[in-house]
Amino acid sequence: MKSLLGKLRGLFFLQYNHEPTSVSDQILLLQSRGISGDEDLMRRWLRTVGYYRLSAYWLPLELPPSRDQTRSKRFPPGTAFSDIIDIYVFDRKLRLLVMEAVDRFEIAVRARWTNLLSLAHGSHAHVHAKNFHNGFEHARMFAKIAKTAEESSEVFVEHYRKKYTDPFVPSLWHVTELMTLGELSLWVKATSDNRIKDELARDLGLPNKEVLEGTLQLLSYIRNICAHHSRLWNRKTVKRAPNIRQMKSDMDIDRSGKQHQLRNSIYNVLVILARTLRYQSPDTTFPQRVRSLIETRSAPQQIAMGFPSDWRSRPIWRIYS
């Protein structure tokens, strides 16, 4: 019976058989596949960043696989390890720039949603299920933020706990400071007063609550990528940017099908960030800094990020030429 189970297991399970390798062996492996470069440089980066993380940046440089391969694991002649590091460093700069913009967007959402909701429904609007669409979902979200507040060592939360006993949970403007962007996105979406969401959208330079909700979901996903230091430069986003008519002239749109839709590229995320930040702060330098950074890249690398060939002539970037 055991031997039969073993055979069945062999049919349905593939045993992982990759053995760990030393940095020296990793260098030899890369060299055998066609990557050249200073060995001291390779050793330093493989030790401090890691083979697996860097592989996401050399993977697009591999030669196309043959028909019976999933990957060729071979590189064109002249592929230098320094070229891979150059893309990695660029991606780090891009993440920092995007993170800064997402943070500014997030803070604006916190401030405006908190103000609008509390003015309409009181300082503890978040306590009352009637202010949100689904009572059970509200109970789940409220329990989570109440626990966060209970465990928080933030000075403003401790001050509330020492001074007030009713309501036991701090005010809305206290707890929103404890929410992640993903949690804030869920609270905004659950808000039952659509007038608040529509006004919030307009305050951010977005047309309506539907676009607001879609943008929050997208930027929560992007923020998680940046926060975990994951690759951003040529990523196809799982969540697609919402269609925003006012930004159509800047967006990269796939017109190949019957229904035109935005491509799921980092370029369209940058457009939304540039447009909304400029709406909130007309003197923002974010679009200019994005353009300056992107112009350090070759045309193929720009295409990998979803930048259309005429992106420089599009309104949001043109004024910074």
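Q: Which residue has its charged end over the ring of Trp-311?
A: This is a predicted model. In it, a charged end sits 5.8 Å from the centre of the Trp-311 ring. A charge over a ring must lie within 6 Å of the ring centre. The residue is Arg-291.

Q: Which residues are linked by ring pairs into a cluster with Trp-311?
A: Trp-311 also belongs to a cluster held by ring pairs. Its partners there are Tyr-267, Phe-307 and Trp-317.

Q: How many residues apart are Phe-132 and Trp-187?
A: The whole structure has ten aromatic pairs. Among them is the edge-to-face pair of Phe-132 and Trp-187, with 80 degrees between the planes. Phe-132 lies in the loop between helix 5 and helix 6, while Trp-187 lies in helix 9. The pair links distant parts of the chain, and its members are 55 residues apart.

Q: Why is the pair of Tyr-160 and Tyr-164 tilted?
A: Stacked planes are under 30 degrees apart, and edge-to-face planes over 60. The rest count as tilted. The planes of Tyr-160 and Tyr-164 fall into that last group because their angle is 40 degrees.

Q: Is His-124 buried or exposed?
A: Buried means under 20% relative accessible area. His-124 has 11%, so the residue is buried.

Q: Which residue offers the backbone oxygen that the side chain of His-124 reaches?
A: His-124 lies in the loop between helix 5 and helix 6. Its contacts beyond four places in sequence include Tyr-160 and Pro-167. The side chain reaches a backbone oxygen at 3.0 Å, that of Val-169.

Note on methods. Residues numbered from 1 in each chain as written. Predicted model: local features only at pLDDT ≥ 70, side-chain atom pairs only at ≥ 80, totals over all residues. Heavy atoms only, no water. Helix = DSSP H or I, 4+ residues; strand = E, 2+ residues; numbered from the N terminus. Buried < 20%, exposed > 50% of the residue type's maximum accessible area, 1.4 Å probe, protein only. Polar contact = N/O pair within 3.5 Å; in protein donor to acceptor, adjacent residues only side chain to side chain. Contact = heavy atoms within 4.5 Å. Phe/Tyr/Trp six-rings, centres within 6.5 Å; stacked < 30°, edge-to-face > 60°. Lys NZ or Arg CZ within 6 Å of the ring centre and 35° of its normal.
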